[in-house]
Amino acid sequence: MSEISQLIVTLKRQLKQQGMTYRDVAAALGLSEPSVKRLFASEQFTLDRVIEVCNLLGFTLAELAQEAQQGQRRLRTLSAEQEGELVSDAKLLLVAVCALNHWSLADMLAVYRLTEAECVQHLLRLDRLRLITLLPGNRIRLNVARDFDWLADGPIRRYFREQGMHEFLDGGFDQQGESLDFAHGMLTESAQAKLRAELRQLRARFAQLHEESLAAPLAQRRGSGLLLALREWEPAAFGALRR
């Protein structure tokens, strides 16, 4: 496979992983959907077009090239059974979240009421799940791809909807560094596609800032939640009045 073919295959895989369609790409690039299909089928991309699609996906060109080389070796999702194992044990889930946020074993022991034996036991379980590789000295190496995500309707997301979302939204969002905004309007399908693309870019920016923050000491970093949502919606009270 040529280098350009590897890049195009990687772009297709990333589009699928992020739930994007050729229609989304067309809306973001100002092209027709058939034109985008022809681009991918013929692989006749200019460098500028490749960069535009990279930006849409939240990648730089260098990161796309690296992903093309390493993509098959890194974990993008877990199975539903593996996610179910995580949510079945609160301490295991805690250690998993800490590891995914680049905490060391010492960080976990300093912040949470866990023994070293408990932590190591849970890290070994994460190693078996392939989320991490536990190295000598209990050092942690993540095995997840940059676009790693939980299953769309898997146990982790259901856990958040059932237990975490109400707790998250119950906050006043009136403290320094907090923000809650809600907007409602009527959008065309094309406008919705453009907005979804911008939301994906915002999520990618969040991930980038997370990575940049890793250079700071743990005490200077704060667990932060960002909720992005867009769907066709009408309050039930309004729907009840429809003819």
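Gln 14 touches Leu 57, Phe 59, Glu 67, Arg 76 and Asp 147, not counting its neighbours within four places in sequence; contact here means heavy atoms within 4.5 Å. This is a predicted model, where local features need pLDDT of at least 70, side-chain atom pairs count only at pLDDT 80 or more, and totals for chains, interfaces and linings use all residues. Residues are numbered from 1 along each chain as its sequence is written, and side-chain values use heavy atoms, with hydrogens and water left out.

**Gln 14**
- You'll find Gln 14 in helix H1, residues 3–17.
- Gln 14 is buried, with a relative accessible area of 0% (buried means under 20%, with a 1.4 Å probe and protein chains only).
- Gln 14 and Ala 152 sit 138 residues apart along the chain, and 15 Å separates their C-alpha atoms.

**Overall fold**
- The chain has 12 helices and 2 strands (DSSP runs: H or I of at least four residues for helices, E of at least two for strands, numbered from the N terminus).
- Starting at the N terminus, the order is α-α-α-α-α-α-α-α-α-β-β-α-α-α.
- The C-alpha trace spans about 60 × 60 × 35 Å along its principal axes.
- Take the contacts between residues at least 6 apart in sequence: 63% of them join residues at least 24 apart.

**Surface and charge**
- Of the chain's 243 residues, 28% count as buried.
- About 16000 Å² is exposed, and carbon and sulfur atoms supply 52% of that (Shrake-Rupley method, 1.4 Å probe).
- There are 31 positive and 31 negative side chains, with the centres of the two sets 4 Å apart.
- For that tally, Lys and Arg are positive, Asp and Glu negative, and His and the chain ends are not counted; each charge is placed at NZ of Lys, CZ of Arg, CG of Asp or CD of Glu.

Note on methods
Buried < 20%, exposed > 50% of the residue type's maximum accessible area, 1.4 Å probe, protein only.
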